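Hi,

Here is the structure I promised to pass on to you. Please have a look at it first, and then read my notes below.

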Amino acid sequence: QVQLVESGGGLVQPGGSLRLSCAASGRTISTLTLGWFRQAPGKDREFVAAIKRSGGTSYAGDSVKGRFTVSRDNAKNTGYLQMNSLKPEDTAVYYCTVGSGSLITSSLRDASSYDDWGQGTQVTVSS
């Protein structure tokens, strides 16, 4: 089992940027798929981005493509979500998660494909 702790959330104005971090412990995540999801009040959990195991390809959800970038630092056993050009509709609790390193691309957007989750960090975009 992997323990995940997100940080970096907060209040930001529209058009601003934030970088979320996801610190992992319990095992190395370099061989795992790392994902980010978000959930706004009254809405379902939504896929944001994912990156396959070390050296793998990254993917972003349609609503954040071109604005958000997922990355990982295997030496620090940490994942990141760089969020630029933030919009009020990006307001949500953001969760990082890990799953099998052999997840196929069609499974990346499905929250049930992942095994371990962090507690989430709140991101609020407002003027």
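What follows is a short tour of the strands, the cores and one loop residue.

Please keep in mind that this is a predicted model.

**The open sheet**

Let me begin with the four-stranded sheet, which is open, antiparallel and ordered β1-β3-β8-β7. Its edges are taken by β1 (3-7) and β7 (68-73); each has a single partner strand, so one side of each has no neighbour in the sheet. On average, and ignoring direction, neighbouring strands here are turned by 15° against each other. Inside that order, β3 and β8 (residues 78-83) run antiparallel and are joined by six bridges. If you want a place to start looking, Arg19 has Gln82 in β8 as its bridge partner.

**Around β11**

Strand β11 (residues 121-125) is a nice one to inspect. Which of its side chains are buried, and which are not? Thr121, Val123 and Val125 point to one face and are buried, whereas Gln122 and Thr124 point to the other face and are not. As a rule, side chains in a regular strand alternate between the two faces of the sheet.

This strand also pairs in both senses. With β2 (residues 10-12), β11 pairs in parallel over three bridges, and Val12 has Val125 as its bridge partner there. With β9 (residues 92-99), β11 runs antiparallel, again through three bridges; in that pairing Tyr94 stands opposite Thr121.

**The cores**

Tyr94 turns up again in the largest nonpolar core, which has 28 residues. Along with Trp36, Val48, Phe68, Leu81 and Met83, Tyr94 touches the most other members. Two or more residues of this core come from each of β3, β4, β5 (46-51), β7, β8, β9 and β11. Val48 makes a good viewpoint: beyond its neighbours within four places in sequence, its contacts include Trp36, Phe37, Tyr59, Val64, Phe68, Leu81 and Tyr94. Arg38, Ala60 and Gly61 are also among the contacts of Val48. Another core, of six residues, lies apart from the largest one; Phe47, Leu103, Leu108 and Tyr114 are among its members.

**One loop residue**

Finally, have a look at Ser30, in the loop between β3 (18-25) and β4 (33-39). Is Ser30 buried or exposed? Its relative accessibility is 17%, and therefore Ser30 counts as buried, the cut-off being under 20%. The side chain of Ser30 also makes a polar contact of 3.3 Å with the side chain of Thr28.

Happy browsing, and best wishes

Conventions:
Residues numbered from 1 in each chain as written. Predicted model: local features only at pLDDT ≥ 70, side-chain atom pairs only at ≥ 80, totals over all residues. Heavy atoms only, no water. Buried < 20%, exposed > 50% of the residue type's maximum accessible area, 1.4 Å probe, protein only. Polar contact = N/O pair within 3.5 Å; in protein donor to acceptor, adjacent residues only side chain to side chain. Pairing = 2+ DSSP bridges. Axes fitted to C-alpha atoms, helices over the stretch in contact; angles between N-to-C directions. Core = buried A, V, L, I, M, F, W, Y, C linked by side-chain atoms within 4.5 Å. Contact = heavy atoms within 4.5 Å.
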